[in-house]
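Colleague: Can you walk me through the charged pairs and the helix packing here? I'd like to learn how to read them.

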Amino acid sequence: QISNLDEILIFTGILKGKLRVERKEVKAIIENILLAADQPVSDSQFKGLLADKVEKAALKSILEELKK
């Protein structure tokens, strides 16, 4: 059985085919994943999804901002 989080992560995987993503788009994507997820999402899961489209420093900054 696929969990809600698995479905979200699979859907978000379409970013892999997109060119670099803007910071506001990344933040919105992360917020929507967090709202829709039925379990906690780790930083490493976000990094795995977005690392090739978002600079590591920017992703870390967005995740830290959302934790506040």
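**Salt bridges and a helix contact**

Modeller: Let's start with one residue: at 52% relative accessibility, Lys 67 counts as exposed (exposed is over 50% relative accessible area, buried under 20%, partly exposed in between, with a 1.4 Å probe and protein chains only). This is a predicted model, where local features need pLDDT of at least 70 and side-chain atom pairs count only at pLDDT 80 or more, while totals for chains, interfaces and linings use all residues. Residues are numbered from 1 along each chain as its sequence is written, and side-chain values use heavy atoms, with hydrogens and water left out.

Colleague: How many salt bridges does a search of the whole structure find?

Modeller: Side chains of opposite charge can pair when their charged atoms come close. The cut-off is a side-chain nitrogen of Lys or Arg within 4 Å of a carboxyl oxygen of Asp or Glu. Searching the whole structure turns up three salt bridges.

Colleague: Which partners does Lys 67 have?

Modeller: One is Asp 43, with the closest N and O atoms 2.9 Å apart. That pair links distant parts of the chain, 24 residues apart: Asp 43 sits in helix H3 (residues 43-50) and Lys 67 in helix H4. Helices here are DSSP runs (H or I, at least four residues), numbered from the N terminus. Asp 43 is partly exposed, at 25% relative accessible area. Glu 64 also meets Lys 67 in a salt bridge, at 3.9 Å from N to O. Glu 64 and Lys 67 are both in helix H4, three residues apart, or about one turn of the helix. Through shared partners, salt bridges join Asp 43, Glu 64 and Lys 67 into one network.

Colleague: And what does Lys 27 pair with?

Modeller: With Glu 65, at 2.5 Å from N to O. Lys 27 is in helix H2 (residues 23-36) and Glu 65 in helix H4 (residues 56-67), so this salt bridge ties together parts that are 38 residues apart in sequence. Lys 27 is partly exposed at 24%, and Glu 65 is partly exposed at 34%.

Colleague: Now the packing: at what angle do H2 and H3 pack?

Modeller: You fit lines to C-alpha atoms over the stretch in contact, and take the angle from 0 to 180 degrees between N-to-C directions. For H2 and H3 the angle is about 130°, with the axes 12 Å apart. H2 and H3 are therefore oblique to each other (under 35 degrees is roughly parallel, over 145 roughly antiparallel, 65 to 115 roughly perpendicular, and the rest oblique).

Methods: Helices (H or I, at least four residues) and strands (E, at least two) are DSSP runs, numbered from the N terminus.
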